[in-house]
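Biologist: I am new to this one, and I would like to walk through it with you. Could you show me the structure before we start?

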Amino acid sequence: MQERFEQIVFSGGGIRCFWHGGFMSEVGGFDDLRPSRISGVSGGALSAAAWIGGREDDLLTLMKEAFEINASNFALGRDNFTPHQEIYRAVVETTLDSEAIARIADGPAYQVSLSVPPQGIPPRLSAVFYLVLYQLDQLLRSTPHLRLPMDGGLQRLRVDAREAARNGTLHDLICAAATIPPVFDVPQWGECRVLDGGMLDKAPPPEPDEGQTLVLLTSRYRNLPDMERRVYVQPSSEVAADKIDFADSSRVSRTWEQGVRDGTVWMAEQGGAR
């Protein structure tokens, strides 16, 4: 790849984020590209962590194994009637072992975006309210950078994931980043209840936002921004995975494989393989 990117953004998208892994397996690992700043949101926070930590293949294997064991997206006997939260945390904790966490702690600036609703609103009610605004924005505007949730009072919280790796809270941060009510509980981060950062922006750039930026999406949009410093890459077609389907490992494999194909084509368009 001839162009050097100072920044890489891993968008949200739940299980669709396995497209990231396949795509980057062709574009380059962290040691190949060495960006100065990385940001991740929602499931993209885990994609970014696995990429920096050199655990992309492990993440693919573990998630597929977890989905093969899990027979249904519904689970009686749990407060939210789903197994998602427990499965996701188990995969995060197993994938991001001590060696991967050390790589992240010693790596480049890496930020995870969360969103913060007004704290006076009950957490589940705020989650439903902003989910409606999110869906409406996606329907009307079809762009990764949302407007309606922010207009409705949702605020961004950027968290230093490198510091979280150093102080032992990285697993908690990655799990807090990917919380889609009602299948996930509304978590606490610091003194705030927080929501999935992808409800505010599907691909938030890091802060400071400087230099050439590669933005990795997981869905197709009608209106991609045209910005001089940013290169937006989206799947060639809608991926096989559904963002919260935790019971079909074949969708994970097909989404990764599509990322590989799309990465191969994209690299050829850039002028050669790495």
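**A walk through the model**

Modeller: Let us start at S115, which is buried, with a relative accessible area of 0%. Please keep in mind as we go that this is a predicted model.

Biologist: Thanks! Which element holds S115?

Modeller: S115 has a relative accessible area of 0%, so the residue counts as buried. Its place in the chain falls within residues 109-116, and that run is strand β3.

Biologist: Which residue offers its backbone oxygen to a polar atom of the S115 side chain, and at what distance?

Modeller: Setting aside residues up to four places away in sequence, S115 touches several residues, among them L154, Q155, V194, D196 and L200. The polar atom of the S115 side chain lies by the backbone oxygen of one of these, D196, at 3.0 Å.

Biologist: Let us turn to charges. How many salt bridges are there?

Modeller: Side chains of opposite charge can pair when their charged atoms come close. One such pair is R4 with E6, where the closest N and O atoms are 3.7 Å apart. R4 is partly exposed at 42%, and E6 is partly exposed too, at 24%. For the model, the count of salt bridges comes to 15.

Biologist: How many residues apart in sequence are the parts tied together by R124 and D185?

Modeller: The closest N and O atoms of R124 and D185 are 2.9 Å apart, and the two form a salt bridge. R124 lies in helix α7 and D185 in the loop between α10 and β5, so the pair ties together parts whose separation in sequence is 61 residues.

Biologist: And is D201, the partner of R156, buried or exposed?

Modeller: R156 and D201 form a salt bridge, with closest N and O atoms 3.8 Å apart. R156 is in strand β4 and D201 is in the loop between β7 and β8, so this pair joins parts 45 residues apart in sequence. R156 is partly exposed, at 30%. D201 has a relative accessibility of 6%, so its class is buried.

Biologist: Which residues are linked in a network of salt bridges?

Modeller: Here the links go beyond a single pair, as four residues form a network. Its members are R55, D58, D97 and E99.

Biologist: Now for the backbone. Which peptide bond is cis?

Modeller: Look in the loop between β7 and β8, where P208 is found. The bond leading into P208 has omega near 5 degrees, and this cis bond runs from E207 to P208.

Biologist: R34 and S142 both catch my eye for a positive phi. What is phi for S142?

Modeller: R34 sits in the loop between α2 and β2, and its phi is near 50 degrees although R34 is not a glycine. S142 is in the loop between α7 and α8 and is buried at 6% relative accessibility. S142 is not a glycine either, and its phi is positive, at about 45 degrees.

Biologist: What about the inside? Which helix gives the most to the largest nonpolar core?

Modeller: In soluble globular proteins, nonpolar side chains tend to be buried together. The largest nonpolar core here has 61 residues, and those with the most contacts inside it are L96, Y110 and L170. Seven residues of this core come from its top contributor, helix α3.

Biologist: How many residues does the second, separate core have?

Modeller: L170, from the largest core, is in contact with residues including L96, I101 and A161, leaving aside neighbours within four places in sequence. The second core is separate and includes A127, L133, L154 and V186, with a total of eight residues.

Biologist: Let us finish on helix α11. How far apart are its end C-alpha atoms?

Modeller: Helix α11 has 22 residues, and at 1.5 Å a residue, with one less than that number counted, its expected span is 32 Å. The helix agrees with this, because its end C-alpha atoms have a separation of 32 Å.

Biologist: Which elements do the buried residues of α11 pack against?

Modeller: The buried residues of α11 include V252, W256, G259, G263 and W266. Just after the helix, G271 takes a positive phi of about 115 degrees. As for the packing of the buried residues, the partners are α1, α4, β8 and β9.

Terms used
Residues are numbered from 1 along each chain as its sequence is written. This is a predicted model: local features need pLDDT of at least 70, side-chain atom pairs count only at pLDDT 80 or more; totals for chains, interfaces and linings use all residues. Side-chain values use heavy atoms; hydrogens and water are left out. Helices (H or I, at least four residues) and strands (E, at least two) are DSSP runs, numbered from the N terminus. Buried means under 20% relative accessible area, exposed over 50%, partly exposed in between (1.4 Å probe, protein chains only). A polar contact is a pair of N or O atoms within 3.5 Å; within protein, one must be able to donate a hydrogen and the other to accept it, and residues adjacent in sequence count only if both atoms are side-chain atoms. Contact means heavy atoms within 4.5 Å. A salt bridge is a side-chain nitrogen of Lys or Arg within 4 Å of a carboxyl oxygen of Asp or Glu. A nonpolar core is a set of buried Ala, Val, Leu, Ile, Met, Phe, Trp, Tyr and Cys residues joined through side-chain atoms within 4.5 Å.
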